[in-house]
Amino acid sequence: MTAETDQIHMAHALRLAERGNGACWPNPSVGCVLVKDGIVIGRGTTQPGGRPHAERVALAQAGEAARGATAYVTLEPCAHHGKTSPCAEALVAAGVARVVTAITDPDPRVAGRGHAILRAAGIEVTEGILSPEARNITAGFLKRVTRGLPFVTLKLATTLDGRIATAAGESRWITGPASRRAVHAMRMEHDAVMVGSGTARADDPDLTVRDMGATRQPIRIVIDSSLSHSPDSRLGRTARDVPVWLVHAPDAPTPAQDAWAATGAKLIACPLNGPHPDLTAALTALAGQGLTRIFCEGGGGLAAALIRAGLTDELALFTAGALIGADGRAALDPLGLTALNEAPRLTLISQRRSGADMLSRWRFHAP
């Protein structure tokens with residue numbers, strides 16, 4: 001196989017992996033493509049809930065034809081025994097002749113052991129093909145495993161002058177229907193959608209994916225230290241249908257805790273940092289529950305707090321061709337900067353039209 005051929009087939013596997021984001025947590029979404037004599041004979045993506053793994057799906061498709069084939073896998077095949085035997089051993093048993101991977105799995109139970117199993121069986125292993133692209137797609141899993149935190153995408157929808165509402169609080173709709181549909185697609189790509197208590201009280205949001213043919217829904221999270229959001233809200237009334245998690249202070253009122261527990265919501269107590277939950281502790285707890293990718297939809301207080309704490313990884317900014325002026329509500333609460341060189345710096349990843357709006361995606365620099 002030539003390097004160009006390897007890249008073509010790995011790009012195919014990466015497209016498969018990207019489709020599974022939001023559906024596989026706590027496992028990573030992996031893509032696998034089996035190729036023999038230049039023909040794709042099997043392909044797979046990690047299935048919802050994390051099982052079966054991509055390699056097993058592709059091997060089941062290929063059957064006996066897998067013998068002598070090349071497997072393109074976006075993440076090093078697992079080497080540990082869980083609910084099933086390791087995928088590295090499954091590739092050996094299938095008689096695969098060569099395995100090409102994009103990145104090594106940093107999970108201590110794997111961390112090179114999958115590659116070692118393959119090489120010990122006489123299988124040729126090529127590593128590092130399209131590694132940057134794979135790291136981007138697998139960023140949530142990698143961050144949870146290496147740093148104990150989920151990958152956080154912050155979504156803002158603003159006017160050209162950075163306002164999210166009029167002085168009276170009117171905000172529906174700053175951006176158009178194409179952008180709102182794009183937001184639903186982004187929710188599908190994440191394990192959870194998160195808002196602050198102010199947004200929850202003001203908007204009474206549903207936070208589900210609608211009109212997209214979704215077969216699963218993200219976890220719905222509210223950061224609410226005093227559990228001020230009503231259990232009789234949309235979230236409370238649907239908590240048994242689509243999971244709702246509330247991150248609150250340990251001393252949140254007991255009646256509120258009992259009322260929310262009665263709805264079927266999960267309650268996660270976290271220490272305070274001033275009057276609000278410590279967001280590093282909160283996100284650590286959410287990662288401990290298995291979440292790898294969180295989509296934060298506001299409001300301005302939560303967004304600013306996440307930025308101040310260095311907990312945001314990506315910004316999805318929808319900009320409408322409208323102006324409100326300084327009397328409108330700003331997209332972010334104060335960041336507490338005293339000098340320009342303290343301002344967070346972001347790198348533009350992509351930019352495109354979204355109906356009449358513009359969607360730009362930015363990557364935060366690692367703290």
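Two strands pair if DSSP finds at least two bridges between them. Helices (H or I, at least four residues) and strands (E, at least two) are DSSP runs, numbered from the N terminus. This is a predicted model, where local features need pLDDT of at least 70 and side-chain atom pairs count only at pLDDT 80 or more, while totals for chains, interfaces and linings use all residues. Residues are numbered from 1 along each chain as its sequence is written, and side-chain values use heavy atoms, with hydrogens and water left out. The points below cover a five-stranded sheet, helix α2, strands β15, β17 and β18, salt bridges and the residue Val 193.

**The five-stranded sheet**

- Five strands form an open sheet in the order β2-β1-β3-β4-β5, and their pairing is mixed.
- The edges belong to β2 and β5 (124–126). Each has a single partner strand, so one side of each has no neighbour in the sheet.
- From one strand to the next, the twist averages 15°. Axes here are lines fitted to C-alpha atoms, for helices over the stretch in contact, and angles run from 0 to 180 degrees between N-to-C directions.
- β1 and β2 run antiparallel and are joined by six bridges. Lys 36 has Ile 39 in β2 as its bridge partner.
- β1 and β3 also run antiparallel, with four bridges between them. Here Cys 32 is partnered by Val 73 in β3.
- β3 and β4 (residues 98–103) run parallel, joined by five bridges. Leu 75 stands opposite Ile 103 in β4.
- Six of the six residues of β3 are buried, so the strand is largely enclosed by the rest of the structure. Buried means under 20% relative accessible area, exposed over 50%, and partly exposed in between (1.4 Å probe, protein chains only).

**Helix α2**

- Helix α2 spans residues 54–62. Its buried residues are Ala 54, Glu 55, Val 57, Ala 58, Leu 59 and Ala 62.
- An α-helix has 3.6 residues a turn, so residues three or four places apart point the same way.
- The buried residues of α2 pack against three strands of the sheet, β1 (31–36), β2 (39–45) and β3 (70–75). They also pack against helix α3 (87–93).
- Gly 63 comes just after α2 and takes a positive phi of about 60°.

**Strands β15, β17 and β18**

- β15 (residues 314–319) and β18 (residues 357–364) run antiparallel, with six bridges joining them. Glu 314 stands opposite Arg 363 in β18.
- β17 (residues 346–354) pairs with β18 in the antiparallel sense over eight bridges. The bridge partner of Gln 351 is Ser 360 in β18.
- β17 and β18 form a hairpin with two residues between the strands. In this hairpin, Gly 355 takes a positive phi near 65°.

**Salt bridges**

- The structure holds 10 salt bridges. A salt bridge is a side-chain nitrogen of Lys or Arg within 4 Å of a carboxyl oxygen of Asp or Glu.
- Glu 314 and Arg 361 meet through their side chains in a salt bridge of 2.9 Å, N to O. The pair links distant parts of the chain, with Glu 314 in β15 and Arg 361 in β18, 47 residues apart. Both residues, Glu 314 and Arg 361, are buried.
- Glu 314 also forms a salt bridge with Arg 363, at 3.2 Å, N to O. This pair too links β15 to β18, across 49 residues.
- Glu 314 counts as buried because its relative accessibility is 7%. Arg 363 is partly exposed, with a relative accessible area of 24%.
- Arg 109 and Asp 107 form a salt bridge of 2.8 Å, N to O. Asp 107 is buried, at 10% relative accessible area.
- A network of salt bridges links Asp 6, Arg 98 and Glu 124.

**Val 193**

- Val 193 lies in strand β8 (residues 192–196). Val 193 counts as buried because its relative accessibility is 0%.
- Leaving aside neighbours within four places in sequence, Val 193 is in contact with Arg 187, Leu 207, Pro 218, Ile 219, Arg 220, Ile 221, Phe 295 and Glu 297. Contact means heavy atoms within 4.5 Å.
- Val 193 and Gly 298 are 105 residues apart in sequence. In space they are 9.8 Å apart, C-alpha to C-alpha.
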